[in-house]
Amino acid sequence: MLLGVAIIILPIAVMIFMSISTSGYESTTAKVTAVEYDPTYIPSDDDTSDKYNVTLAYSVNGTAYTKEIQANMNEYNVGQEVQIKYDPTNPNSISVGEMSLPIMIAVGAVCVIIGVVVIIKGLRM
């Protein structure tokens with residue numbers, strides 16, 4: 001039963017944390033200026049993906065910024081525009097690639113259903 005409750009609460013907590021961690025952030029568009037394969041990355045046994053260093057360029061209030069992020073697969077191309085969120089008090093702090101609301105709702109619904117099933121099975125024992 002405790003497992004079922006955890007399955008329900010954990011995704012909700014993650015969604016709340018993701019919302020809080022970027023609350024107050026503003027949106028802008030960044031441009032991918034470089035994508036480089038990271039040959040030093042050593043994947044774990046259960047992770048076969050490659051790691052890429054992606055450089056993003058964006059401006060906030062007329063000041064230009066660049067930020068390097070890591071991507072697990074080559075999902076970015078030089079010249080591509082990417083929506084980012086930045087902290088207005090520290091524009092070097094950005095968030096890229098957040099889950100969309102429909103995906104978050106779908107994942108949460110699946111976790112709630114699994115959690116309820118686990119709880120019901122636990123109560124029947």
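**Exercise 1. In which strand does Tyr65 lie, and is Tyr65 buried or exposed?**

Solution. The structure is a predicted model, and the first step is to place the residue in its secondary structure: Tyr65 belongs to strand S3. The second step is to consult the relative accessibility, which is 18% for Tyr65; because the limit for a buried residue is under 20%, Tyr65 counts as buried. The third step is to list its surroundings, leaving aside neighbours within four places in sequence: Tyr65 is then in contact with Leu56, Ala57, Tyr58, Val60, Pro91 and Asn92. The last of these partners can also be described through the backbone, since the C-alpha atoms of Tyr65 and Asn92 are separated by 7.0 Å while the two residues stand 27 residues apart along the chain.

**Exercise 2. Describe the order of the elements in the chain, and state how much of the chain is buried.**

Solution. Begin with the count, which gives two helices and five strands. Reading from the N terminus, these elements follow the order α-β-β-β-β-β-α. Next, turn to burial: of the 125 residues in the chain, 27% are buried. The exposed surface of the chain amounts to about 8,500 Å², and carbon and sulfur atoms supply 61% of that area. Finally, consider contacts between residues at least 6 apart in sequence, of which 56% join residues at least 24 apart.

**Exercise 3. Which residues have the most contacts inside the largest nonpolar core, and which strand gives the most to this core?**

Solution. The largest nonpolar core has 14 residues, and those with the most contacts inside it are Val54, Leu56, Tyr58, Tyr76, Ile84 and Ile94. To see where the core comes from, assign its residues to strands: S1, S2, S3 (63–71) and S4 (81–87) each supply at least two residues, and S2 gives the most, with four residues. As a closer look at one member, take Ile84 and set aside residues up to four places away in sequence; Ile84 then touches Glu26, Ser27, Thr28, Ala30, Leu56, Tyr58, Ile94, Ser95 and Val96. Comparing this list with the core residues named above shows that Leu56, Tyr58 and Ile94 appear in both.

**Exercise 4. Which side chain of opposite charge is nearest to Asp38, and how far away is it?**

Solution. First locate the residue: Asp38 lies in the loop between strand S1 (26–37) and strand S2 (52–60). Asp38 is buried, and the nearest side chain of opposite charge is that of Lys51, 7.6 Å away. Because a salt bridge requires a side-chain nitrogen of Lys or Arg within 4 Å of a carboxyl oxygen, the separation of 7.6 Å leaves Asp38 without one. For the wider environment, omit the neighbours within four places in sequence, and the contacts of Asp38 are Lys51, Tyr52, Asn53 and Gln70.

The loop between S1 and S2 also holds Thr40, which is exposed at a relative accessible area of 64%, and Tyr41, which is partly exposed at 24%. Thr40 and Lys51 are 11 residues apart in sequence, with their C-alpha atoms 8.9 Å apart; for Tyr41 and Tyr52 the C-alpha separation is 8.9 Å, again across 11 residues of sequence.

**Exercise 5. What is the phi of Asn61, and where does Asn61 lie?**

Solution. Asn61 has a positive phi of about 50° although it is not a glycine. The sign deserves a remark, because most residues other than glycine have a negative phi. Asn61 lies in the loop between S2 and S3, where it is exposed, with a relative accessible area of 79%.

A second asparagine, Asn74, can be treated in the same steps. Asn74 is found in the loop between S3 and S4 and is partly exposed at 44% relative accessible area. Beyond residues up to four places away in sequence, Asn74 touches Val35 and Tyr52; from C-alpha to C-alpha, Asn74 is 9.5 Å from Ser49, with their positions 25 residues apart in sequence.

**Exercise 6. Which residues form a nonpolar patch on the surface, and how much accessible area do they have together?**

Solution. The patch consists of Val112, Val116 and Ile120, which together have about 190 Å² of accessible area. To place one of its members, note that Val116 is found in helix H2 (residues 101–124). The relative accessible area of Val116 is 36%, so this residue is partly exposed.

Key:
Residues numbered from 1 in each chain as written. Predicted model: local features only at pLDDT ≥ 70, side-chain atom pairs only at ≥ 80, totals over all residues. Heavy atoms only, no water. Buried < 20%, exposed > 50% of the residue type's maximum accessible area, 1.4 Å probe, protein only. Lys, Arg positive; Asp, Glu negative; His and termini not counted. Contact = heavy atoms within 4.5 Å. Core = buried A, V, L, I, M, F, W, Y, C linked by side-chain atoms within 4.5 Å. Patch = residues over 30% accessible without salt bridge, like charges linked within 9 Å, V, L, I, M, F, W, Y side chains within 5 Å. Areas by Shrake-Rupley, 256 points an atom, 1.4 Å probe, with all protein chains shown as cover.
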